[in-house]
Amino acid sequence: MERRLATVVFVDLVDSTGLISRADPEVVRRRVTRFFELVSNCIQIHGGKVEKFAGDAVMAAFGIPQAHEDDAERAVRSALLILETVGELELEARIGIESGEVVADSSDSTFATGEPVNIAARLQQQAQPGQVLLGSGTHRLTLGRIEADELGPIELRGLDRSLWTWAALGVNGRRARTAVEAPFIG
């Protein structure tokens with residue numbers, strides 16, 4: 001096992017109970033299977049790995065087993081693509097994303113454990129339909145590259161502190177400025 005910086009994404013299908021009660025079970029299964037396929041594809045396109053499917057939710061990780069400098073940005077880009085893509089199925093999703101230190105196997109497994117996993121899951125539960133909520137770790141790592149609306153602190157079940165959150169709005173074409181800007185001399 002090793003410690004890694006990773007970004008965790010939780011995607012949940014909105015109103016799956018209502019979908020099940022209003023349609024034939026075979027039709028529902030096909031739509032949910034298509035939802036999983038589209039979500040998985042959006043995650044893989046951006047370099048993430050689907051860790052598991054649970055009910056009507058998907059958990060994915062960016063930065064495990066292979067890390068990229070921009071894993072948090074890749075995760076948010078995949079989330080925005082997911083919202084756009086599942087809309088074509090006339091479905092809605094809600095998404096939570098958080099970045100931070102996790103413990104993961106050193107194998108090809110993406111199984112991650114740590115606070116970002118729990119926070120991403122709780123953010124997804126708090127998100128409105130069609131919304132991507134970002135935790136402070138993800139927001140910090142995507143500053144200047146992802147346009148986000150500051151929502152302020154929210155209380156999350158299981159945390160003994162408030163968590164500042166942002167709603168991702170889109171991709172910003174500008175790169176973040178570094179903390180120190182000076183000309184290179186010599």
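Helices, of at least four residues, and strands, of at least two, are DSSP runs numbered from the N terminus. The exercises below use these elements in a predicted model.

**Exercise 1. Describe the overall order of helices and strands, and state how many of each the chain has.**

Solution. Begin by reading along the sequence, where the elements follow the pattern β-α-α-β-β-α-β-β-α-β-α-β-β. Counting the two kinds of symbol then gives five helices and eight strands. To complete the overview, note that 46% of the 186 residues count as buried, and that, among contacts between residues at least 6 apart in sequence, 67% join residues at least 24 apart.

**Exercise 2. Compare the span of helix H2 with the span expected for its number of residues, and find which of its residues are buried.**

Solution. Helix H2 covers residues 25-45, and its 21 residues should span 30 Å at 1.5 Å a residue. The next step is to look at the end C-alpha atoms, which lie 30 Å apart, so the expectation and the model agree. The buried residues of H2 include Val28, Val32, Phe35, Phe36, Val39 and Ile43. A general rule helps in reading such a list: an α-helix has 3.6 residues a turn, so residues three or four places apart point the same way. After H2 comes Gly47, whose phi is positive, near 90°.

**Exercise 3. Work out which rings form the aromatic cluster, and say how the ring pairs are arranged.**

Solution. A search of the whole structure finds two aromatic pairs. One of them joins Phe35 and Phe36, with 5.9 Å from centre to centre and 50° between the planes, and this pair is tilted. The other step concerns Phe36 and Phe53, whose ring centres are 4.6 Å apart and whose planes stand at 50°, so this pair is tilted as well. Phe36 belongs to helix H2 and Phe53 to strand E2 (residues 49-54), so their pair ties together parts that are 17 residues apart in sequence. Taken together, the ring pairs link Phe35, Phe36 and Phe53 into a cluster. As for exposure, a residue under 20% relative accessible area is buried, so Phe35 at 0% counts as buried and Phe36 at 16% is buried too, whereas Phe53 at 43% counts as partly exposed.

**Exercise 4. For the salt bridges Glu101 with Arg3 and Glu73 with Arg145, decide where the partners lie and whether they are buried or exposed.**

Solution. Recall that side chains of opposite charge can pair when their charged atoms come close. The whole structure holds eight salt bridges, and one of them joins Glu101 and Arg3 at 2.9 Å, N to O. Glu101 lies in strand E4 (residues 93-104) and Arg3 in strand E1 (residues 2-13), so the pair ties together parts that are 98 residues apart in sequence. Both Glu101 and Arg3 are exposed.

Turn next to Glu73 and Arg145, whose side chains meet in a salt bridge at 2.7 Å, N to O. This pair links distant parts of the chain, 72 residues apart, with Glu73 in helix H3 (residues 71-87) and Arg145 in the loop between H5 and strand E7. Both Glu73 and Arg145 are buried, and salt bridges that share partners join Glu73, Arg77 and Arg145 into one network.

**Exercise 5. Place His139 in the chain and identify the residues it touches.**

Solution. First locate His139, which is in helix H5 (residues 136-142). Its relative accessible area is 14%, so His139 is buried. Finally, leaving aside residues up to four places away in sequence, His139 touches Ala148 and Trp166.

Terms used
Residues are numbered from 1 along each chain as its sequence is written. This is a predicted model: local features need pLDDT of at least 70, side-chain atom pairs count only at pLDDT 80 or more; totals for chains, interfaces and linings use all residues. Side-chain values use heavy atoms; hydrogens and water are left out. Buried means under 20% relative accessible area, exposed over 50%, partly exposed in between (1.4 Å probe, protein chains only). Contact means heavy atoms within 4.5 Å. The expected span of a helix is 1.5 Å times one less than its number of residues. Rings of Phe, Tyr and Trp (its six-membered ring) pair if their centres lie within 6.5 Å; planes under 30 degrees apart count as stacked, over 60 as edge-to-face and the rest as tilted. A salt bridge is a side-chain nitrogen of Lys or Arg within 4 Å of a carboxyl oxygen of Asp or Glu.
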